[in-house]
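Reader: I've got a model open on my screen and I'd like to learn how to read it. Can you walk me through it, feature by feature?

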Amino acid sequence: MPLGVRRTALATLATIIVTLSFSAVALAGNGGFLPGEAHSPNAHRIHRAFIFVSILTGAIFLLVEGALVLFIIKYRRGRRPRELEGPQIHGATRLEVLWTVVPVLILAAIVSFVFYELPGIVNPPPASAANSTTITIEGHQYYWLFRYPNGAVSINTMVAPANQVVHEKVVGLDWDVNHSWWVPDFGPKYDAIPGRVNTTWFKAPAGDYVARCAELCGIQHARMDGLVHVVPRAEYDLFIKNRLANKSGVVLGQQEWTGVCEKCHRLDHAFIGPALGGNPLLAEPARITPLLRQGQGQMPAVGHNWTRAQIDALVSYTKQFAKTGG
Ligand code: CUA
């Protein structure tokens with residue numbers, strides 16, 4: 001084997017080994033090649049479309065790569081002289097028609113299947129008001145805020161009724177940055193773009209589903225995760241009723257502290273923001289309000305649209321941290 005050819009072969013082999021070992025790591029870290037299980041009718045349809053396209057394209061990949069390897073081996077030069085010209089071929093009408101028509105048919109099959117699944121992905125199934133609910137999702141730096149039909153709110157954990165259509169309004173706030181609401185079990189991502197409202201829906205059995213922010217939104221983007229806690233309807237109704245009755249209560253306050261403030265602050269040491277333990281601000285609604293509403297320096301206006309009750313809820317929880325050693 002000439003030196004140049006041997007070098008190329010070695011370089012190719014090394015590239016293949018490195019690529020395969022990196023993809024193996026990526027594959028393991030990702031929990032496998034396939035997307036996770038779907039838990040909503042629209043996600044099921046996306047999943048089916050994914051499998052359908054994957055099977056077709058996978059078969060084409062094997063066919064093309066198989067033929068390539070086969071031809072490389074079968075038609076290699078062997079002992080023939082380097083200068084020998086191969087046979088000259090012009091036109092093969094039947095073959096040309098075949099390789100035009102077959103791809104057109106495959107593309108038509110993909111398009112038809114996707115258009116068949118699309119309405120069931122976009123449009124929620126019909127449901128009466130008693131069998132559905134609408135939850136508003138706000139993307140803030142760096143937390144999710146959920147507003148329920150009766151005015152109750154929760155932070156980072158959304159509670160939703162099981163086996164019913166849940167309409168989601170994903171709201172981008174004018175004073176905030178882009179975020180993206182993504183619950184992989186329910187299908188696609190929905191961007192929260194300032195000034196826009198995107199709508200989607202899900203219908204899921206009882207269970208907990210992980211949510212993530214899928215848009216780089218700042219220093220704590222990676223920690224902007226959430227949970228969709230799907231429970232029987234009666235439990236959901238009870239949750240939003242109690243939440244509203246306690247709208248300035250310590251339970252919401254604790255969620256705000258751990259879900260909003262603790263993204264950047266600790267009590268006893270500086271983190272992304274300064275340490276907060278012993279700060280008298282934590283017990284004074286009048287002083288903490290402008291800070292939450294307007295932000296300060298690096299701190300975003302995390303509570304720009306919080307109600308009075310939401311701010312009171314925070315202080316009812318944080319006042320315990322206002323004095324040190326107390
Ligand atoms: Cu919000 Cu990333």
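Reader: Let's start with a sheet. What is the order of the strands in the open sheet that holds β4 and β7, and what is the pairing like?

Author: Before anything else, keep in mind that this is a predicted model. To read a sheet, walk across the strands from neighbour to neighbour rather than along the chain. Here, the five strands run in the order β4-β10-β9-β6-β7, and the pairing is mixed. β4 and β7 are the edge strands, each pairing on one side only. From one strand to the next, the twist averages 25 degrees. Helix α4 packs on this sheet and touches β4 and β10 (225-231), with its direction at about 135 degrees to that of β4.

Reader: What is the order in the sheet that holds β1?

Author: That is another open sheet of five strands with mixed pairing, and its order is β3-β2-β1-β5-β8. The edges are β3 and β8 (197-202), which pair on one side only. Ignoring direction, neighbouring strands are turned by 25 degrees against each other on average. α4 packs here too, touching β1 (132-140) and β3, and its direction makes about 55 degrees with that of β1.

Reader: How do I zoom in on one pair of strands? In which sense do β2 and β3 pair, and over how many bridges?

Author: Look at the directions of the two strands, then at who faces whom. β2 and β3 pair in the antiparallel sense, over three bridges. Leu145 stands opposite Ile155 in β3. While you scroll along a strand, a general point helps: in a regular strand the side chains alternate between the two faces of the sheet.

Reader: Now the hairpin. How many residues sit between β6 and β7, and which glycine there takes a positive phi?

Author: Start with the strands, then look at the turn. Strand β6 (residues 179-182) and strand β7 (residues 189-192) are antiparallel, paired over four bridges. Trp181 has Tyr190 as its bridge partner in β7. Six residues lie between the two strands, and Gly187 has a positive phi near 110 degrees.

Reader: Is Gly187 buried or exposed, and which residues does Gly187 touch?

Author: A loop position doesn't tell you the burial, so check the accessible area, where under 20% counts as buried. Gly187 lies in the loop between β6 and β7. Its relative accessible area is 13%, which makes Gly187 buried. Leaving out residues up to four places away in sequence, Gly187 touches Ala43, Ile46 and Trp182. As a ruler across the model, try Gly187 and Lys247: they are 60 residues apart in sequence and 32 Å apart in space, C-alpha to C-alpha.

Reader: Which residues of helix α5 are buried, and what covers them?

Author: For a helix, ask which residues are hidden, then which elements do the hiding. In α5 (residues 250-259), the buried ones are Leu252, Gly253, Gln255, Glu256, Trp257 and Gly259. Their cover includes the strands β2 (143-147), β3 (153-155) and β4 (157-161), along with helices α4 (233-245) and α7 (308-318).

Reader: I always worry about cysteines. How many disulfides does the structure hold, and why is there no bond between Cys261 and Cys264?

Author: Check the sulfur-to-sulfur distance; the cut-off here is within 2.5 Å. The structure holds zero disulfides. For Cys261, the closest cysteine sulfur is in Cys264, 9.4 Å away, so the two are too far apart for a bond. Both are buried: Cys261 has a relative accessible area of 13%, and Cys264 has 15%.

Reader: And the whole chain? What is its radius of gyration, and how does that sit with the globule rule?

Author: Count elements, then check the overall spread. The chain has seven helices and ten strands. Its radius of gyration is 28 Å, well over the 20 Å that the globule rule gives for 326 residues, so the chain is more spread out than a compact globule. Along the principal axes, the C-alpha trace spans about 90 × 55 × 30 Å. Buried residues make up 32% of the 326 residues. Of the contacts with a separation of 6 or more, 66% come from residues 24 or more positions apart. The chain exposes about 19700 Å², with carbon and sulfur atoms supplying 64% of that.

Technical notes. Residues numbered from 1 in each chain as written. Predicted model: local features only at pLDDT ≥ 70, side-chain atom pairs only at ≥ 80, totals over all residues. Heavy atoms only, no water. Buried < 20%, exposed > 50% of the residue type's maximum accessible area, 1.4 Å probe, protein only. Contact = heavy atoms within 4.5 Å. Pairing = 2+ DSSP bridges. Axes fitted to C-alpha atoms, helices over the stretch in contact; angles between N-to-C directions. Rg over C-alpha atoms; globule rule 2.2 N^0.38 Å. Areas by Shrake-Rupley, 256 points an atom, 1.4 Å probe, with all protein chains shown as cover.
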